Amino acid sequence: MTAPMHLPEGVSLHEREGARVLKAHTPACELEISLSGAHVTSWIPKGHSETMWLSPLATFTPSSHIRGGVPLIGPWFGHGRSDNEEPQHGWFRRAQWALTSVHVDPNGVVTAAFDLEEQHHYPGFEVGAARLHVRASATLDLSLTVTAGEQPLELEAAFHTYFLVQDVREARLEGLAGVPFTDAARGRAAGVGTENQTFAAPTDLVFEAAPPLVLADPRANRRIEIAQSGANRTVVWTPWREDVASTADIPDEEWTRFVCVETAVSEGGAVPLAPGEAHTLTAHYSLTRG
């Protein structure tokens, strides 16, 4: 029998609706991650309030998916390049992941690693291994490495991050000026991003690049800086008043309180992996006042 992992001071494991949840409370931050989906559900850096939106109706039940936080999308996005893969957005966010290491340094920086424990077999989507590495303090770093199995893999993956905002109608996303996009909410119409991307309707934009971004939330006097690597797409989504009613696990009144900014390889940006080859997708989040 494997000995229980020693957890450092400030770190604990709890059960919620049958799922194991890692919680960390250190001088640098507070952090929560469900081992069902290796899903970050909360990150509160010291001196700041919560950064992640989590639906009041979110379920942590294993084999389901959690609405909010940072769902791990993969090994396909949406219904895949064939447009008929199930479940939507792949199995990573529904699978069980194993906590393989966790550490807290003298400054309260939390590092943890999770390995994909539960495999699913779909033609064309054989995954040899997947690992999520998390580093949380005043900043949050997420790194997902996926390795192809014995067959080639056309990998799609994303951090489908739900950022908490005071009011999405006043938020803006900076850094996408001149970047081409397709508008999935309007029949895949083509467009070009602006320097201050604002929100006034249901939004599902797939930008053909992953530049450094800033999500400005003036009502909260907060700016969330987003750095991305290993990505070639940025997906921006919010359901707005019109579409929230069709999403059962988002209360109707919650649509103003979040916007998803997704670091991705998807939507025409799949990464071809030879057998045994790996790809790493990373996102770095930091907060400033303003």
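A salt bridge is taken here as a side-chain nitrogen of Lys or Arg within 4 Å of a carboxyl oxygen of Asp or Glu. With that criterion in hand, the predicted model offers a good place to start: Arg188 and Glu267 form such a bridge, their closest N and O atoms being 2.9 Å apart. Arg188 sits in the loop between β13 (180–183) and β14 (189–192), while Glu267 belongs to the loop between β20 (258–265) and β21 (271–273), so the pair ties together parts that are 79 residues apart in sequence. Both partners are partly exposed, Arg188 at 42% relative accessibility and Glu267 at 28%.

The structure holds 12 salt bridges, and a few others deserve a look. The side chains of Asp183 and Arg186 meet at 3.3 Å, N to O. Here the two partners differ in burial: Asp183 has a relative accessible area of 8% and is buried, whereas Arg186, at 40%, is partly exposed. Glu17 pairs with Arg16, with 3.9 Å between the closest N and O atoms; this distance still counts because the cut-off is 4 Å. Glu17 is partly exposed, with a relative accessible area of 41%, and Arg16 is likewise partly exposed, at 36%. Elsewhere, salt bridges link Asp167, Arg169, Glu170 and Arg219 into a network.

Turning to the fold as a whole, the protein chain contains 1 helix and 22 strands. Its radius of gyration is 18 Å, close to the 19 Å that the globule rule gives for 290 residues, so the chain is as compact as a globular protein of that length. Along the principal axes, the C-alpha atoms fill a box of roughly 55 × 45 × 30 Å. Of the contacts with a separation of 6 or more, 63% are between residues 24 or more positions apart.

Among the strands, 7 make up an open sheet with antiparallel pairing, in the order β5-β11-β20-β19-β16-β13-β14. Its edges are β5 (72–73) and β14, each of which pairs on one side only. At the β14 end, 4 bridges join β13 to β14 in the antiparallel sense. Asp183, already met as a salt-bridge partner of Arg186, has Ala189 as its bridge partner in β14.

Strand β22 (residues 278–289) has antiparallel pairings of its own. To β9 (residues 139–148) it is joined by 9 bridges, and with β18 (residues 222–229) it pairs over 8 bridges. His284 takes part in both pairings: this β22 residue is the bridge partner of Asp141 and also stands opposite Ala227.

What, then, fills the interior? Nonpolar side chains tend to be buried together in soluble globular proteins. In this chain, buried residues make up 53% of the 290 residues. The largest nonpolar core has 75 residues, and those with the most contacts inside it are Leu31, Phe92, Trp97, Phe114, Phe159 and Tyr285. Leaving aside neighbours within four places in sequence, Phe92 is in contact with residues including Gly37, Leu72, Ile73, Trp97, Leu116, Val127, Leu144 and Val146. Apart from this core lies another, of 6 residues, among them Ile73, Ala158, Val206 and Val235. Ile73 thus appears both in the list of Phe92 contacts and in the separate core. At the surface, the chain exposes about 12100 Å², with carbon and sulfur atoms supplying 50% of that area.

Conventions. Residues are numbered from 1 along each chain as its sequence is written. This is a predicted model: local features need pLDDT of at least 70, side-chain atom pairs count only at pLDDT 80 or more; totals for chains, interfaces and linings use all residues. Side-chain values use heavy atoms; hydrogens and water are left out. Two strands pair if DSSP finds at least two bridges between them. Helices (H or I, at least four residues) and strands (E, at least two) are DSSP runs, numbered from the N terminus. Buried means under 20% relative accessible area, exposed over 50%, partly exposed in between (1.4 Å probe, protein chains only). A nonpolar core is a set of buried Ala, Val, Leu, Ile, Met, Phe, Trp, Tyr and Cys residues joined through side-chain atoms within 4.5 Å. Contact means heavy atoms within 4.5 Å. The radius of gyration is taken over C-alpha atoms; the globule rule is 2.2 Å times the number of residues to the power 0.38. Accessible areas come from the Shrake-Rupley method with a 1.4 Å probe; for residues, only the protein chains shown count as cover.
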